[in-house]
Amino acid sequence: MARNLNEVMVIDAVRTAFGRAGEKGIFWKTRADDLSAPLLKALIERNPPVRPEMVEDILWGATNQVKEQGGTIGRFISMLADWGWEIPGCSIDRMCASGLTSIALGASYIATDMADCLITGGVEHMGHLPMGFMRDPHPRAEEVMGDASAFNMGMTAENIHDRYPEFTKDMADQYTVACQNKADAAIRAEKMKDMIIPIEVELADGTKMIADKDQQPRPGTTMETLATLKTPFRQEKGRVTAGNASGLNDGAAAVLLMSEKRAITMGLTPKMRWVSSAVAAVDPRVMGTAPVPATLKALAKAGLTMNDMDIIEINEAFAVQALYCLDRLGVKPDDPRVNQWGGAIAYGHPLAASGPRLVAFLMGLFKENPEARYGLTTMCVGRGQGCSVIWENLLEK
Ligand SMILES: CC(C)(COP(=O)(O)OP(=O)(O)OC[C@H]1O[C@@H](n2cnc3c(N)ncnc32)[C@H](O)[C@@H]1OP(=O)(O)O)[C@@H](O)C(=O)NCCC(=O)NCCS
């Protein structure tokens, strides 16, 4: 039986503000499921005539699927949104790319006509569920992954500095300053306003506030202050610091996906079209390099090259891995196509929320750049994986 693929569209993308993990974080007293449910509601409120009962499945990324992120959080959050019992949901884990994987799988799901309307995305509360929490590594884990450094993401970034010494600390710090400046300009120009869904929260001291701004960015970051920071992953001659690394954060982000035919029937305006997606795996000790093979694979599947990518959203787990990936993909770190509004070094990296955050940024940038046709969202993943998705701007001139 011959079957045609459906075109898959992004209708909307939203996120919470990103908080700092820990007691000083805006979400210290807010659960991961309570970060997620308001995003489901917002996607419906922002996109009439879409109704909750039209959502055929929720694919929700979460890296640490224990405690509040356990128990199939993807199934639970529709009930928490007071949508009744009839909306299915599941949880997906590809560590940092859990959310981007949810989107890519959701796209394949719609493309193959198994659904017409899905909510995809993810959440990570790194304050409540720190990286590595409640893990039970196999006794052979170090041996099969190369060595113990593969367990610690900061050490994998130091490994990239070691293996590719052409990417220096100075370059990583320069990249960081530029990233913070771009984020500061975007925030001042209110670029985050449309995508952030405000949530009322209680802080550790009991005061209440509306969380509608990212807590992580550090405007005014300079090369001088970055030079004074400790290198926590390697005391002597380390290069990775709290400045040139992404932070530890809490947040959620969600994307409403629909088949083209359903979107047209409903009179909705799709923002972007899914073109291709791919994953790839590398030596876990240099996990930050994996966006390169993943992107090359996604480009090959689409019959496109990096020159066709008008906007590039790369998740900056660490400045050095972003520098490596851009270089190997033939893109200069200061290329205006790259992370125009800044990246994870400024906004933070609440693991499973970061992929859908990239998609929300790309959607906003496509809107502002109608001459742009194709965009890339890509990220690295602990244990040595990369995940890339290519999109086409439907708001182009
Ligand atoms: C690097 C890391 C260990 C730092 O954690 P931390 O020490 O809690 O970070 P902080 O935000 O407290 O920053 C440490 C210090 O650097 C300073 N700092 C951080 N960024 C700065 C900047 N851009 N400019 C100036 N100072 C900065 C802070 O003010 C703080 O100073 P203090 O100690 O005097 O208060 C942590 O962010 C981390 O593990 N990041 C990587 C996350 C990760 O692996 N994610 C998965 C990727 S695959």
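Leaving aside its neighbours within four places in sequence, which residues is Ala298 in contact with? In this predicted model, the answer comes in two stretches of the chain: Ser276, Ser277 and Ala278 on the one hand, and Ser388, Val389 and Ile390 on the other. Ala298 itself sits in helix α9, which covers residues 291-302. It counts as buried because it has 26 C-beta neighbours inside 10 Å, and the cut-off for that label is 20 or more. There's also a link to the start of the chain to look at: Ala298 and Leu5 are 293 residues apart in sequence, yet their C-alpha atoms are 17 Å apart in space.

Next comes the ligand. It is surrounded by 18 residues, and the closest of them are Met153, Arg218, Thr221, Ala242 and Ala317. Two helices give two or more residues each to this shell, namely α5 (153-163) and α7 (223-227). As for chemical character, the shell is made up of nine nonpolar residues, eight polar ones and one charged one.

Helix α5 deserves a longer look. Met153, one of the closest residues to the ligand, is also one of the buried residues of α5. The others on that buried list are Thr156, Ala157, Glu158, Asn159, Ile160 and His161. So what covers them? Part of the cover comes from helix α10. The axes of α5 and α10 (residues 319-328) come within 8 Å of each other and cross at roughly 50°. That angle is why α5 is described as oblique to α10. The crossing of this pair is left-handed. On the α5 side, the contact is made by Ala157, Ile160 and His161, while α10 brings Val320, Gln321 and Tyr324. Sorted by class, that gives four nonpolar residues, two polar ones and no charged ones. Ala157, Ile160 and His161 thus turn up twice, both among the buried residues of α5 and in its contact with α10.

A second pair of helices, α3 (residues 98-111) and α12 (residues 351-368), can be described in much the same way. Their axes come within 5 Å and cross at roughly 55°, and this makes α3 oblique to α12. From α3, the residues involved are Ser98, Gly99, Leu100 and Ile103. They meet a run of α12 residues made up of Leu351, Ala352, Ala353, Ser354, Gly355 and Pro356, along with Leu358 and Val359. Eight of the residues in this contact are nonpolar, four are polar and none is charged.

Finally, the backbone has a few quirks in its loops. The peptide bond from Pro48 to Pro49 is cis, with omega near 10°. Pro49 belongs to the loop between α1 (32-46) and β3 (57-61). Further along, Lys67 has a positive phi of about 50° even though it isn't a glycine. Lys67 is in the loop that runs between β3 and α2 (73-80). Is Lys67 buried or exposed? It's partly exposed, because it has 14 C-beta neighbours inside 10 Å. Met134 is not a glycine either, and its phi is positive too, at about 60°. This residue is found in the loop between β5 (117-125) and α4 (141-145). Met134 counts as exposed because 11 other C-beta atoms lie within 10 Å, and the label applies at 12 or fewer.

Terms used
Residues are numbered from 1 along each chain as its sequence is written. This is a predicted model: local features need pLDDT of at least 70, side-chain atom pairs count only at pLDDT 80 or more; totals for chains, interfaces and linings use all residues. A residue is near a molecule or strand if its C-beta atom, placed from the backbone, lies within 6 Å of it. Helices (H or I, at least four residues) and strands (E, at least two) are DSSP runs, numbered from the N terminus. Ala, Val, Leu, Ile, Met, Phe, Trp, Tyr, Cys and Pro count as nonpolar, Asp, Glu, Lys and Arg as charged, and the others, Gly among them, as polar. Axes are lines fitted to C-alpha atoms, for helices over the stretch in contact, and angles run from 0 to 180 degrees between N-to-C directions. Angles under 35 degrees count as roughly parallel, over 145 as roughly antiparallel, 65 to 115 as roughly perpendicular and the rest as oblique. A crossing is left-handed if the near helix is turned anticlockwise from the far one by less than a right angle, and right-handed if clockwise. Two residues are in contact if their C-beta atoms, placed from the backbone, lie within 7 Å.
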